[in-house]
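Please find below my notes on this entry, set out as numbered points. They begin with one side chain, move on to a pair of helices and end with the chain as a whole.

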Amino acid sequence: MRMVDIIAKKRDGVELTSDEIQFLVDGYTDGSIPDYQMSAWAMAVFFCGMTPRETGDLTMAMAGSGEQLDLSSLQGIKVDKHSTGGVGDKTTLVVAPLVAAAGIPVAKMSGRGLGYSGGTIDKLESFAGFAVERTREQFLQQVRDIGVSVIGQSGNLTPADKKLYALRDVTATVEAVPLIASSIMSKKIAAGADAILLDVKVGKGAFMKSLEEAETLARAMVAIGSQVGRKTVAVISDMNQPLGFAVGNALEVKEAIETLAGKGPRDLTELALAIGSRMLVLGGLVSDEQEGRARLTEIMATGKAVEKLAEMVEAQGGDKRDVYDTGRLPKATIIHEVVAAEDGYLTAIDAEAVGHASVVLGAGRLTKEMAIDLAVGLVLHKKRGDQVKAGDVLMTIHANQNDLLQSALRELEGAFAFSTQPPTDQPLIYKIID
């Protein structure tokens, strides 16, 4: 087999065999296939696409390129959850303890954030002492003991995907849907999932800007799941405005705890229930989404969801008092209010601008080496559709450096749009694909 022949086949729109796909993944992982040939192949995929069978083969080859987590020692159907990411997206902090409290084992590997704010792992480090690095046995034993553990990704999980992702980033092939889909799904499969719930974000603050793009990606990932024997459901949700009110690590943790107690923002609560209830269905715990939603709502009301988060924090080295007293979480030294300059209805909040402002403050990172300031961020007081008067507080900015605060304020210029008429309703969830 020669890589040049594989490139030519894909360039000409010919379907590759399973052996050819395994050959290119193995060769790129071990270095025998150089970057320039893999770049040519990725560009051919960008223009010619891949069939569902090809994409499934690529996914499984990348999943098998490094370590794979065996969760078979855990009882029950293991359901993993993945979000394509967005501004204020702290859903895992709510869903993981919530569905674990219902009886679905959650053994989740998460990454650090690169972009608008920290990833789930960064946010969990808002709990002083919280250990995101665990041995495999510690990880599995914790899930056996309390039903949930969220840790950092293994260094050798899907090495082929790590190499290919970095290459796509510098060769203008990031947007190739088969490569996005196989990248996401290979990590989920290597992490041992029996079933997968995907939260595909769409809008100004998301990677996928249009509903058509988001649906194409969602359908591709669900098709991969079907192809490789993993039941997969995709929820396409809105990211034109931030999710919830808080953007920033400790601020989002506080909001997640409020949501677990049944006192969170309406949109975050609704999304957590929509995702969590479908995870209960995938895990075989309930027969339909309505039954799952009722069970999760009851768990929130009884305090069991907050208790489960406190158990996880304590099991991973943190102090569970931080869960019950969020005033103990990291705090910023500068608090600045942004007020409305006019009366009217709030018709839009630019999620992308809010995300950039959070990065400027230090809540996110632009390179993997950057340190994150866990205390800083922004808290909205109004959302799309709310009626406001001049002088009303739209947002509170939490900062630790005045120069960064001023930079964030510049990012936020024009982020809020007003009208004399209320905007039309905009759905939180556009589609469910299964």
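1. In which helix is R278 found? The model is predicted, and in it R278 belongs to helix α12, which covers residues 266–282.

2. As for the surroundings of this arginine, a polar atom of the R278 side chain lies 3.1 Å from the backbone oxygen of A274. Once the neighbours within four places in sequence are left aside, R278 is in contact with L197, V233, V235, E289 and I432.

3. A second site to inspect is the pairing of helix α4, residues 52–63, with helix α9, residues 177–190, whose axes come within 8 Å and cross at roughly 45°. Because an angle that is neither under 35 degrees, nor over 145, nor from 65 to 115 counts as oblique, α4 is oblique to α9. The crossing of these two helices, α4 and α9, is right-handed.

4. On the α4 side of this pairing, the residues that take part are T55, L58, T59, M60, M62 and A63, and they meet P178, L179, S182, S183, M185, S186, I189 and A190 of α9. Sorted by class, the contact of α4 with α9 has nine nonpolar residues and five polar ones, with no charged residues.

5. Turning to the whole chain, there are 17 helices and 13 strands. The radius of gyration is 22 Å, close to the 22 Å that the globule rule gives for 434 residues, so the chain is as compact as a globular protein of that length. Along the principal axes, the C-alpha trace spans about 70 × 45 × 40 Å.

Definitions and conventions. Residues are numbered from 1 along each chain as its sequence is written. This is a predicted model: local features need pLDDT of at least 70, side-chain atom pairs count only at pLDDT 80 or more; totals for chains, interfaces and linings use all residues. Side-chain values use heavy atoms; hydrogens and water are left out. Axes are lines fitted to C-alpha atoms, for helices over the stretch in contact, and angles run from 0 to 180 degrees between N-to-C directions. Helices (H or I, at least four residues) and strands (E, at least two) are DSSP runs, numbered from the N terminus. A crossing is left-handed if the near helix is turned anticlockwise from the far one by less than a right angle, and right-handed if clockwise. Contact means heavy atoms within 4.5 Å. Ala, Val, Leu, Ile, Met, Phe, Trp, Tyr, Cys and Pro count as nonpolar, Asp, Glu, Lys and Arg as charged, and the others, Gly among them, as polar. A polar contact is a pair of N or O atoms within 3.5 Å; within protein, one must be able to donate a hydrogen and the other to accept it, and residues adjacent in sequence count only if both atoms are side-chain atoms. The radius of gyration is taken over C-alpha atoms; the globule rule is 2.2 Å times the number of residues to the power 0.38.
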